[in-house]
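Reader: I am new to this structure and would like a close look at a single part of the backbone. Please pick a place to begin, stay on it for a while, and then show me what surrounds it in the rest of the chain.

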Amino acid sequence: MLDLDAEVLRDYYREVIGWAGSLVPTEPEIIDLGAGTGTGTVALARHLPTASLTAVDVDEEMLDRLRRRVTQAGLGDRVRTVRADLDGEWPPLGPADLVWASASMHHLADPARALAQVHSLLRSGGIFMITELDGFPRFLTDPDGAALEERCQTEMARLRVESGLHMGHDWGAGLKAAGFAVEGERRFEICLPGPPSPEALRYAQVTLERTAHRLADRLSPADAAALAGYARTLPDRTDLTVRATRDVWIGRRP
Ligand SMILES: C[S@@+](CC[C@H](N)C(=O)[O-])C[C@H]1O[C@@H](n2cnc3c(N)ncnc32)[C@H](O)[C@@H]1O
């Protein structure tokens with residue numbers, strides 16, 4: 001799903017990676033926190049050919065995937081991986097010129113503690129770039145489908161709050177409180193018109209299936225059946241669009 005996200009939203013990723021690249025010195029040292037399958041790590045390494053990168057994640061399976069991707073891209077000499085639970089003791093990671101955290105900060109149990117840790121491992125003048133999302137993208141455009149998707153989004157948001165995720169957190173305020181100067185804050189409203197590419201169709205299918213699975217015991221039987229119906233017939237649809245929101249914050253350590 002992470003890989004499909006990067007593939008389908010590639011124009012947004014290109015813009016944000018370019019923005020990050022414009023803020024760092026030559027030969028920057030970069031840390032990707034909660035690197036997942038490495039979409040950010042690899043994009044940053046490609047965009048900044050003199051950068052050294054450290055990809056950190058708690059999940060060994062993610063890091064395995066990331067290492068395979070890095071090797072395939074011929075970037076192995078510039079990327080190292082560190083397995084660490086960022087809710088526990090942080091391993092020595094710095095000093096860094098850029099810390100990149102894409103869709104990962106909301107997972108951490110104590111945002112203020114994580115922000116303070118990042119502040120301490122950045123060089124003076126170093127950048128912390130946080131990107132976050134408001135939920136899964138929306139795909140359906142017919143009125144019934146769009147309304148169903150909206151009900152699912154509301155329920156998913158409740159589920160995330162109940163599981164302690166910090167979606168919707170004010171990272172700008174958090175950065176300031178941790179001693180960063182907030183140098184940028186931007187919302188990307190992404191809307192990719194139809195007809196959907198094969199990747200967008202696949203992304204829609206995976207998203208709807210995952211939503212159905214996660215909300216299995218929370219949706220009404222009628223909504224569950226409708227969602228399953230959409231997931232089944234998606235490959236034949238030409239009326240899908242991809243609508244997503246991404247928020248980006250840039251904090252600089254003075
Ligand atoms: C939604 S994924 C984002 C992955 C990647 N940054 C991207 O944009 O594709 C969140 C990642 O944060 C990692 N993560 C969650 N909690 C973590 C923790 N306590 N310590 C380290 N990594 C964590 C997960 O394993 C997952 O790979």
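## A loop residue and its setting

Author: Start in the loop between α2 and β1, where E27 lies. The model is predicted, and what follows describes that model. The phi angle of E27 is near 50°, a positive value, and E27 is not a glycine. Most residues other than glycine have a negative phi. How accessible is E27? Its relative accessibility is 58%, and exposed means over 50%, so E27 counts as exposed.

A second residue can be set beside it. A103 also is not a glycine and has a positive phi, of about 55°. Its place is the loop between β4 and α5, the latter being residues 111-121. With a relative accessible area of 27%, A103 is partly exposed, because that class lies between 20% and 50%.

Positive phi occurs at a glycine too: G164, which follows α6, has a phi near 85°.

Two loops hold another backbone feature. The peptide bond from G94 to P95 is cis, with omega near -5°, and P95 is in the loop between β3 and β4. A cis bond also joins G194 to P195, with omega about -5°; P195 belongs to the loop between β6 and α8. Most peptide bonds are trans.

Now return to the two elements that border the loop of E27, α2 and β1. Both are among the elements that cover the buried residues of helix α3. This helix runs over residues 39-47, and its buried residues are G40, T41, V42, L44 and A45. The cover includes α2 (10-21), β1 (29-33) and β2 (52-57). It also includes α4 (60-72), β3 (79-83) and β4 (96-102).

One residue of α4 can be followed further. M62 lies in that helix and is partly exposed, at 26% relative accessibility. Leaving aside residues up to four places away in sequence, M62 touches L2, G36, T37 and D57. The C-alpha atoms of M62 and G34 are 9.5 Å apart, while 28 residues separate the two in sequence.

Further along the chain is helix α6, residues 143-162. It has 20 residues and reaches 29 Å from its first C-alpha to its last, close to the 28 Å expected at 1.5 Å a residue. Which residues of α6 are buried? They are G145, L148, E149, C152, Q153, E155, M156 and R160; E149, E155 and R160 are charged residues in this list. The buried residues of α6 pack against α8 (198-214), α9 (221-233) and β7 (242-252).

Helix α9 also holds A226, which is partly exposed, with a relative accessible area of 30%. A226 and D144 are 82 residues apart in sequence, and their C-alpha atoms are 9.3 Å apart in space. D144 falls within the range of α6, residues 143-162.

Another link across the sequence begins in strand β6, residues 181-192, where R187 is found. R187 touches T245, R246 and D247, not counting residues up to four places away in sequence. The C-alpha atoms of R187 and T245 are separated by 7.0 Å, although their positions lie 58 residues apart along the chain.

These pairs can be read against the totals for the chain. Among contacts with a separation of 6 or more, 81% are between residues 24 or more positions apart. The protein chain has nine helices and seven strands. Its radius of gyration is 19 Å, close to the 18 Å that the globule rule gives for 254 residues, so the chain is as compact as a globular protein of that length. Along the principal axes, the C-alpha atoms fill a box of roughly 55 × 35 × 30 Å.

The surface can be put in figures as well. Of the 254 residues, 48% count as buried; E27, where this account began, is exposed. The accessible surface of the chain comes to about 12000 Å², and carbon and sulfur atoms make up 51% of it. The chain carries 29 positive and 38 negative charges, whose mean positions are 2 Å apart.

Definitions and conventions. Residues are numbered from 1 along each chain as its sequence is written. This is a predicted model: local features need pLDDT of at least 70, side-chain atom pairs count only at pLDDT 80 or more; totals for chains, interfaces and linings use all residues. Side-chain values use heavy atoms; hydrogens and water are left out. Helices (H or I, at least four residues) and strands (E, at least two) are DSSP runs, numbered from the N terminus. The radius of gyration is taken over C-alpha atoms; the globule rule is 2.2 Å times the number of residues to the power 0.38. Buried means under 20% relative accessible area, exposed over 50%, partly exposed in between (1.4 Å probe, protein chains only). Contact means heavy atoms within 4.5 Å. Accessible areas come from the Shrake-Rupley method with a 1.4 Å probe; for residues, only the protein chains shown count as cover. The place of a charge is taken as NZ of Lys, CZ of Arg, CG of Asp or CD of Glu. The expected span of a helix is 1.5 Å times one less than its number of residues.
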